[in-house]
Amino acid sequence: MPPSKKPVPRPAQRPDSNSSSKSKRSSSAPKASKRPSKHAPKRAPEVASQVGPKPARAPRFWLVKSEPSEFSFDALLAAPKRTTMWDGVRNYQARNTLRDDMAVGDEVLFYHSNSEPVGVVGIARVASAAYPDPTQFESGHAHEDPASSPSDPRWWLVDLQAVRRLPRVVPLEEMKASPALAGMPLLQRGSRLSVQPVGAEHFAEVLRMAGAPA
DNA sequence: GCCAACGTTGGC
DNA sequence: GCCAACGTTGGC
């Protein structure tokens with residue numbers, strides 16, 4: 001669940017009331033990183049200084065889940081600037097992804113859970129850097145977290161902007177049947193993460209399955 | 001509505 | 001730190 005949804009984001013926000021949640025949550029564990037072996041191949045010393053503007057890493061790919069009854073892709077398309085705060089995520093692993101790994105311009109598969117059919121329905125993009133989820137500080141809000149403080153926010157979010165609806169929904173059932181998608185976190189058993197990484201090859205395959213090859 | 005698979009909480 | 005109880009997610 002992310003979003004409790006409120007229409008567009010923009011970092012300062014008014015408290016509305018809203019909310020509930022939708023999907024999300026998690027499970028698959030992020031996989032671990034490789035640990036440096038003792039005799040690692042040598043590598044060239046890194047060049048440390050970066051002189052120019054920002055480093056601009058290659059765009060990454062993600063998947064977010066939402067129950068359409070809570071916040072659908074249509075709702076995102078209809079939001080001002082087709083953008084919303086992806087608020088309401090209350091899972092640490094998903095929080096870390098939002099806060100630490102997403103960057104403006106990253107592409108996102110928009111997935112409908114608890115729907116008919118369940119599957120990927122559209123593409124969105126990360127439209128802001130991470131900032132504290134304002135709903136955690138709203139008294140009485142479903143996503144209020146009394147243990148969090150503005151000086152040390154526990155929950156973070158990014159803005160998401162709709163890019164385009166897919167020509168056809170890519171049903172979960174088809175994704176499960178695709179050998180090419182076999183490693184996707186979404187398809188791992190017990191997966192509940194509402195915000196999760198997607199490999200570039202899996203992202204491309206989902207688009208291909210939707211009839212919208214990149 | 002069912003229920004498996006998780007995550008969180010809190011007693012000890 | 002263990003672990004039972006409880007709450008949530010989300011496919012079916």
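# Reading a predicted protein–DNA model

Biologist: Which residues surround DNA strand B?

Modeller: Tyr92, Arg189, Gly190 and Arg192 surround DNA strand B, where a residue is near a strand if one of its heavy atoms lies within 4 Å of it. This is a predicted model, with pLDDT of at least 70 needed for local features and 80 or more for side-chain atom pairs, while totals for chains, interfaces and linings use all residues. Residues are numbered from 1 along each chain as its sequence is written, chains are lettered from A and ligands numbered from 1 in the order written, and side-chain values use heavy atoms, leaving out hydrogens and water.

Biologist: How do I read the confidence, and what is the mean pLDDT of chain A?

Modeller: pLDDT is the predictor's confidence in each residue, from 0 to 100. For chain A the mean is 83, and 77% of its residues reach 70 or more. Over residues 6-47, though, pLDDT is below 50, and beyond near neighbours in sequence that stretch has 99 contacts in the model (contact means heavy atoms within 4.5 Å).

Biologist: Back to the DNA: which parts of strand B are within 4 Å of the protein?

Modeller: Of the strand B atoms within 4 Å of the protein, 72% belong to sugar or phosphate, and the rest to bases. One base oxygen lies 2.3 Å from a polar side-chain atom of arginine 192.

Biologist: And how do I read the fold of chain A?

Modeller: Helices (H or I, at least four residues) and strands (E, at least two) are DSSP runs, numbered from the N terminus. Chain A has 4 helices and 8 strands, in the order β-α-β-α-β-β-β-β-β-α-β-α. Of the contacts in chain A with a separation of 6 or more, 76% are between residues 24 or more positions apart.

Biologist: Take glutamate 205 in helix α4: buried or exposed?

Modeller: Buried means under 20% relative accessible area, exposed over 50%, and partly exposed in between (1.4 Å probe, protein chains only). Glutamate 205 has a relative accessible area of 15%, so it counts as buried. Helix α4 spans residues 200-209. Leaving aside neighbours within four places in sequence, glutamate 205 is in contact with Ser178, Ala180 and Leu181.

Biologist: Which other residues of α4 are buried, and what do they pack against?

Modeller: Besides Glu205, the buried ones are His202, Phe203, Val206, Leu207 and Met209. An α-helix has 3.6 residues a turn, so residues three or four places apart point the same way. The buried residues of α4 pack against β1, β3, β4, β7, α3 and β8. Just after α4, glycine 211 takes a positive phi of about 80 degrees.

How values were computed. Polar contact = N/O pair within 3.5 Å; in protein donor to acceptor, adjacent residues only side chain to side chain.
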